[in-house]
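Open the model in your viewer and keep the selection tool at hand. This tour suggests what to pick at each stop and tells you what is there.

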Protein chains: 2
Amino acid sequence: MHITPQSALIIVDVQKAIDLPYWGVRNNIDAEMKMRSILEMWRNLGYPIFHIQHNSNEEASGYNPARISHAFKDETVPINGEVVIGKSVHSAFVGTDLTQRLHQLAVDEIFMFGVKTNNSIETSVRHGANLGFDILLIEDACFTHNQKDWNGKLRSAEDVHAMTLSNLEGEYCRVVTSSQVLNAQT
Amino acid sequence: MHITPQSALIIVDVQKAIDLPYWGVRNNIDAEMKMRSILEMWRNLGYPIFHIQHNSNEEASGYNPARISHAFKDETVPINGEVVIGKSVHSAFVGTDLTQRLHQLAVDEIFMFGVKTNNSIETSVRHGANLGFDILLIEDACFTHNQKDWNGKLRSAEDVHAMTLSNLEGEYCRVVTSSQVLNAQT
């Protein structure tokens, strides 16, 4: 793994809303610490950073811009004029200028993390890959929550996370860990 | 459920390649029978039908157009000038004119089935929903195969299928059955 000035970091939906109790039990409880380390790495390198902020149209969502939980989590608050891109659906590439911005910067590799693994992250990875971007998903800087599958069986957050990663690996992205990224050549 | 002239049927990647042994053990062994019944229903109604055909760029893929397995499966072979749209990535909406065609026909509802549940179907449902289409996924006219999750645990095709459906239901589509569709008002 080699991180270059054309390696962009894209952070998806890391807002206070993801901590609301209605989501259920999460995995990767130290994900935010890893998010912060990777974000600091990109800041030190001076390579492109994009903060994706979800602006839900749903009244009851914690991601609705009218709610205090719409704010970024402390670990990933943008600084120094970093680019914030608002979106209102799951894919960071729908209804935004993210694709054009990446092309303008000649980005050939996207490092992505955020929440949640099987929703906006999975949709953004699938879509970005289909648009031709080479994506590295930093899995331990993502998390999700337990949920019932279609047959009514409760699946742990770790199982939901692991199922998404196996859907994505090789087919849509390379799944990597934060330590691999933090120790990569730059 | 009410099926109208603005209800399009989109059939994704139902080609002989999906029967190749390298995929593993599948679920929903009577899916093709249901696919045929639903396709016949749309033909009788005269409502829009789109056949999505995957044209893989990968040499070793059974979906490569140079291979005999690139052909449609018998149950869903297009007839009478039905529209066939080729794609080379997972989403039926990337690199195709499907979105424009749906808008031209004022389609407000998409009924979708095909293969496989957690790959081109899931990507196309996620993307189509984010583009604003109302999608009904006919789950028993889809199937998938067993696969190992990221932790190395082998998951049955039925479990993989059920996990995808729970990711999509409510968030990206309504999950329905073929009998609900076949018995719907038209």
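In which sense do strand β5 (residues 134-143) of chain B and β8(B) pair, and over how many bridges? Select both strands and look along them: they pair in the parallel sense, over three bridges. Before going further, please keep in mind that this is a predicted model.

**Stop 1: the sheet of chain B**

While β5(B) and β8(B) are still highlighted, pick Ile138(B), which stands opposite Val176(B) in β8(B). Now widen the selection to the sheet these strands belong to. Six strands make up an open sheet in chain B, with parallel pairing, and their order is β3-β2-β1-β4-β5-β8. The edge positions are taken by β3 (83-87) and β8 (174-176) of chain B; each has a single partner strand, so one side of each is left without a neighbour in the sheet. Turn the view and follow the twist, which averages 25° from one strand to the next. As a reminder, strands of a sheet pair through backbone hydrogen bonds, either parallel or antiparallel.

**Stop 2: strand β2(B)**

Next, select β2 (49-54) of chain B. Is this strand open on a face, or covered on both? Both faces of β2(B) are covered. On one side you will find Ile49(B), His51(B) and Gln53(B), on the other Phe50(B), Ile52(B) and His54(B), and all are buried. Since six of the six residues of β2(B) are buried, the strand is largely enclosed by the rest of the structure.

Add β1(B) to the selection: it pairs with β2(B) in the parallel sense over four bridges. To see one partnership in this pair, click on Ile10(B), whose bridge partner in β2(B) is Phe50(B).

**Stop 3: two helices across the strands**

Show helix α1 (residues 31-45) of chain B as a ribbon. Helix α1(B) lies across β1 (7-12), β2 (49-54), β4 (109-115) and β5 of chain B, and runs at about 140° to β5(B). Then switch to helix α3 (residues 117-130) of chain B, which lies across β1, β3, β4 and β5 of that chain. The angle between α3(B) and β5(B) is about 175°.

**Stop 4: Asp108(B)**

Which loop holds Asp108(B)? Look between α2 (98-104) and β4 of chain B. Asp108(B) is partly exposed, with a relative accessible area of 48%. Display its surroundings: apart from neighbours within four places in sequence, Asp108(B) is in contact with Gln6(B) and Asp134(B). You can also draw a distance from Asp108(B) to Gly132(B); they are 24 residues apart in sequence, and their C-alpha atoms are 9.0 Å apart in space.

**Stop 5: backbone details in both chains**

Go to Asp13(A), in the loop between β1 (7-12) and α1 (31-45) of chain A. Its phi is near 60°, a positive value in a residue other than glycine. Asp13(A) is buried, with a relative accessible area of 3%. In chain B, Asp13(B) is found in the loop between β1 and α1, phi is again near 60°, and the residue counts as buried at 3% relative accessibility.

Now move to Val115(A) and Lys116(A), which are joined by a cis peptide bond with omega about -20°. Lys116(A) sits in the loop between β4 (109-115) and α3 (117-130) of chain A. A cis peptide bond, with omega about -20°, also joins Val115(B) and Lys116(B), and Lys116(B) lies in the loop between β4 and α3 of chain B.

**Stop 6: the cysteines**

How many disulfides does a search of the whole structure find? The count over all chains is zero. Select Cys173(A): the nearest cysteine sulfur, that of Cys142(A), is 9.3 Å away. Cys173(A) is buried, at 6% relative accessible area. Why is there no bond at Cys173(B)? Its sulfur is 9.3 Å from the closest cysteine sulfur, in Cys142(B), and that is too far for a bond. Cys173(B) is buried as well, with a relative accessible area of 7%.

**Stop 7: the two chains together**

Finally, zoom out and colour by chain. Chain A is superposed on chain B by a rotation of 180° with 0.0 Å of shift along its axis (RMSD 0.0 Å). That is the relation of a two-fold axis. The copies meet through the same surface, because 100% of the interface residues of chain A are also interface residues in chain B.

To end, select residues 7-162 of chain A, which UniProt lists, in an unreviewed entry, as "domain: Isochorismatase-like". The end C-alpha atoms of this span lie 25 Å apart, and the span is 27% helix and 24% strand.

Key. Residues are numbered from 1 along each chain as its sequence is written. Chains are lettered from A and ligands numbered from 1 in the order in which they are written. This is a predicted model: local features need pLDDT of at least 70, side-chain atom pairs count only at pLDDT 80 or more; totals for chains, interfaces and linings use all residues. Side-chain values use heavy atoms; hydrogens and water are left out. A disulfide is a pair of cysteine sulfur atoms within 2.5 Å. Buried means under 20% relative accessible area, exposed over 50%, partly exposed in between (1.4 Å probe, protein chains only). Copies are superposed by least squares on the C-alpha atoms of residues with pLDDT of at least 70 in both. Contact means heavy atoms within 4.5 Å. UniProt positions are given in the numbering used here, feature names are shortened, and annotations may be inferred rather than shown by experiment. Two strands pair if DSSP finds at least two bridges between them. Axes are lines fitted to C-alpha atoms, for helices over the stretch in contact, and angles run from 0 to 180 degrees between N-to-C directions.
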